[in-house]
Amino acid sequence: MSKRVAVAAANWKMNKTIAEAKAYMAELAEARADIAGEAEVIIFAPFTMLMKVARGAEAAKAGVGGQDMYWKASGAYTGEVSVPMLKDAGCTHVLVGHSERRGRFGVPEPELAGDLGKVFGDTDASCNIKVKVALEGGLIPCLCVGETLAEREAGQADPIIAAQLEAGLKDVSAEQVAGMLLAYEPVWSIGTGKVCDPDEAQRICGMIRATVAKLYDQPTADAVRVLYGGSMKADNVVGLLAKADIDGGLVGGASLKVADFKPIIAACAAS
Ligand code: PGA
């Protein structure tokens, strides 16, 4: 099995101004110069600052990604952003099906009860279209999967994640999957400070790889990078990355400051 290059992916969510993004990228370039070893860094930034992030990406040796996309190239889709637009802004990657885009929040969002929650509308079917259109358009998708606390407590985590993968990857070729990123993000762990136990994160990431082997073949499963996301930070990253099937992290809160993200990149480079 070839060694997979670990990925430190920053998910800024709905944070930062353009000026802050510019300063971050300059600081990231300095931080990268201090880190020996190979790690892939990707910054998933809000649409408004993608161009600024892309401008600093070469010096920071980073990929750039949108946090969502629509599958039509252009047209009367008010409020949406397409794959060609993301490419035009300098993107290399795109997040697909983050639990927050699926309307599945780990921390209670009382104001999103009822109909309001439907403003975030991704389903397994829409994620599948997005994955395919991103790949066709030359972006690398990072498909996010994961269970809620209620699903975990009902013993449904494994079948739900396997179903999210099977539906999300429908009609995607083995070659395409091999170059993709998959992210296991237990919804109850996102933004809550409750990191998943490394043994359990490994068990699920191993199950994700086994599901890819079942849907495709072993070389495809060996090639695809599987990230863990959910309250990852400097003091838990090493234990998670020590696990055989965890190839990096999708990091929210601890990616917002370079000082917090740098040890995560360093741990990826050392893993
Ligand atoms: P967190 O978010 O690191 O703040 O828990 C991770 C994510 O949602 O991608």
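Student: So helices here are DSSP runs of H or I, at least four residues long, and they are numbered from the N terminus. Which helix does Gln 164 lie in?

Tutor: Gln 164 lies in α6. Keep in mind that this is a predicted model.

Student: Is Gln 164 buried or exposed?

Tutor: Buried means under 20% relative accessible area. Gln 164 has a relative accessible area of 6%, so it is buried.

Student: And how far is Gln 164 from Pro 84, C-alpha to C-alpha?

Tutor: Those two C-alpha atoms are separated by 26 Å. Along the chain, Gln 164 and Pro 84 are 80 residues apart.

Student: OK, what about Val 5 and Asp 247, how are their C-alpha atoms separated?

Tutor: By 7.3 Å, with their positions 242 residues apart along the chain. Val 5 itself lies in the segment before β1. Its relative accessible area is 25%, so Val 5 is partly exposed.

Student: One more pair. How far apart in space are Ile 208 and Ala 29?

Tutor: Their C-alpha atoms are 33 Å apart, and in sequence the two residues are 179 apart. Ile 208 sits in helix α8, residues 198-215. Ile 208 is buried, because its relative accessible area is 1%.

Student: Switching to the ligand. How many residues surround it?

Tutor: There are 13, and the closest are Lys 13, His 98, Glu 185, Gly 191 and Ser 231. This shell divides into 3 nonpolar, 8 polar and 2 charged residues.

Student: Which pocket does the ligand take?

Tutor: The ligand occupies the space of the largest pocket.

Student: What does the side chain of His 98 do there?

Tutor: One of the polar atoms in the His 98 side chain lies 2.7 Å from a ligand oxygen. The side chain of Asn 11 also has an N or O atom 3.3 Å from an oxygen atom of the ligand. At Gly 253, a polar backbone atom is 2.8 Å from a ligand oxygen.

Student: And how much of the ligand does the protein bury?

Tutor: Taken alone, the ligand exposes 280 Å², and the protein buries 95% of that.

Student: Back to Ser 231. Where is it in the chain?

Tutor: Ser 231 is in the loop between β7 (225-229) and α10 (234-241). Its relative accessibility is 15%, so Ser 231 counts as buried.

Student: Which backbone oxygen does the side chain of Ser 231 reach?

Tutor: The backbone oxygen of Ser 189, at 2.7 Å.

Student: And Lys 13, what about its phi?

Tutor: Phi of Lys 13 is positive, about 55°, although Lys 13 is not a glycine. Most residues other than glycine have a negative phi.

Student: Where is Lys 13 found?

Tutor: Lys 13 is in the loop between β1 (7-11) and α1 (18-34). With a relative accessible area of 21%, Lys 13 is partly exposed.

Student: What is phi for Asp 171?

Tutor: Phi of Asp 171 is near 65°, again a positive value in a residue other than glycine. Asp 171 is in the loop between α6 (157-168) and α7 (174-178).

Student: Buried or exposed, Asp 171?

Tutor: Asp 171 has 60% relative accessibility. Exposed means over 50%, so Asp 171 counts as exposed.

Technical notes
Residues numbered from 1 in each chain as written. Predicted model: local features only at pLDDT ≥ 70, side-chain atom pairs only at ≥ 80, totals over all residues. Heavy atoms only, no water. Near = heavy atom within 4 Å. Polar contact = N/O pair within 3.5 Å; in protein donor to acceptor, adjacent residues only side chain to side chain. Areas by Shrake-Rupley, 256 points an atom, 1.4 Å probe, with all protein chains shown as cover. 1 Å grid on protein atoms, 1.4 Å probe; cavity = no way out; pocket = protein on both sides within 12 Å on 5 of 7 lines; lining within 4 Å. Sits in = over half its atoms within 2 Å of the grid points. Nonpolar A, V, L, I, M, F, W, Y, C, P; charged D, E, K, R; others polar. Helix = DSSP H or I, 4+ residues; strand = E, 2+ residues; numbered from the N terminus. Buried < 20%, exposed > 50% of the residue type's maximum accessible area, 1.4 Å probe, protein only.
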